[in-house]
Amino acid sequence: GDRAASVAALAAAVDAALAGTKLIYVEVRGDDVDLAQAFQWLQEKSLFAGAILWNPAPGVDFAACDLVRNALVATTLRLPLREQEARYRALWLDPLQRRLRD
């Protein structure tokens, strides 16, 4: 009864989450790699060349505005976290994203 329905629902959810999903493995060797730049390169490939990235929300694709936001945020990665957050709010969240919701 309930257990079989739960197992079936879980199986359906897993199938839906994995449908069309691909996995990419990236190994970073050395400490002179700019990880933000590497992520942006992968994101560009997902937008413009059809490559698929690991996505914590399967079924939600990256949009061009995500690439722009990540390029903006990437310039702050060497700053302290509080300053990164302040700049994110000042440069992206307040002037753009919140306005678009209204």
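The following exchange concerns how the terms applied to this predicted model are justified.

Colleague: What is the overall make-up of the protein chain in terms of helices and strands?

Modeller: The protein chain has four helices and zero strands. From the N terminus on, its elements run α-α-α-α. Of its 102 residues, 14% count as buried. Its accessible surface comes to about 8200 Å², and 59% of that belongs to carbon and sulfur atoms.

Colleague: Why is T76 called buried?

Modeller: The relative accessible area of T76 is 3%. Buried means under 20%, so T76 is buried.

Colleague: Where is T76 placed, and which residues does T76 touch?

Modeller: T76 is in the loop between α3 (64-74) and α4 (81-101). Leaving aside residues up to four places away in sequence, T76 touches Q84 and R87.

Colleague: How do you know that N70 is buried?

Modeller: N70, which lies in helix α3, has a relative accessible area of 16%. The cut-off for buried is under 20%, and N70 therefore counts as buried. Not counting residues up to four places away in sequence, N70 touches F39, Q40 and Q43.

Colleague: What makes the pairing of the N70 and R69 side chains a polar contact?

Modeller: The distance given for the contact between these two side chains is 3.4 Å. A polar contact requires a pair of N or O atoms within 3.5 Å, and the N70 and R69 side chains satisfy that limit.

Colleague: Why are the buried residues of α3 said to line one face of the helix?

Modeller: The buried residues in α3 are D66, L67, R69 and N70. Seen down the axis of α3, they fall within an arc of 165°, so they line one face of the helix.

Colleague: What makes E83 and R87 a salt bridge?

Modeller: The closest N and O atoms of E83 and R87 are 3.1 Å apart. The rule asks for a side-chain nitrogen of Lys or Arg within 4 Å of a carboxyl oxygen of Asp or Glu, and E83 with R87 meets it. The two residues are four apart in helix α4, and so are separated by about one helical turn. In general, an α-helix has 3.6 residues a turn, so residues three or four places apart point the same way.

Colleague: Why are E83 and R87 called partly exposed?

Modeller: E83 has 32% relative accessibility, and R87 has 37%. Partly exposed lies between under 20% for buried and over 50% for exposed, so E83 and R87 both receive that label.

Colleague: How many salt bridges are there by this rule?

Modeller: The count comes to two. Besides the pair in α4, E27 forms a salt bridge with R29, the closest N and O atoms being 3.1 Å apart. E27, at 45% relative accessibility, is partly exposed. R29, at 65%, passes the cut-off of over 50% and is therefore exposed.

Colleague: What makes L35 an exposed residue?

Modeller: L35 has 54% relative accessibility. Exposed means over 50%, so L35 counts as exposed. L35 is in helix α2 (residues 35-48).

Colleague: Which residues form the nonpolar patch on the surface?

Modeller: The patch is formed by I24, V26, V28, V33 and L35, with about 390 Å² of accessible area together. A patch residue must have over 30% relative accessible area, and L35, at 54%, satisfies that condition.

Methods:
Residues numbered from 1 in each chain as written. Predicted model: local features only at pLDDT ≥ 70, side-chain atom pairs only at ≥ 80, totals over all residues. Heavy atoms only, no water. Buried < 20%, exposed > 50% of the residue type's maximum accessible area, 1.4 Å probe, protein only. Contact = heavy atoms within 4.5 Å. Arc of directions from axis to C-beta. Areas by Shrake-Rupley, 256 points an atom, 1.4 Å probe, with all protein chains shown as cover. Patch = residues over 30% accessible without salt bridge, like charges linked within 9 Å, V, L, I, M, F, W, Y side chains within 5 Å. Polar contact = N/O pair within 3.5 Å; in protein donor to acceptor, adjacent residues only side chain to side chain.
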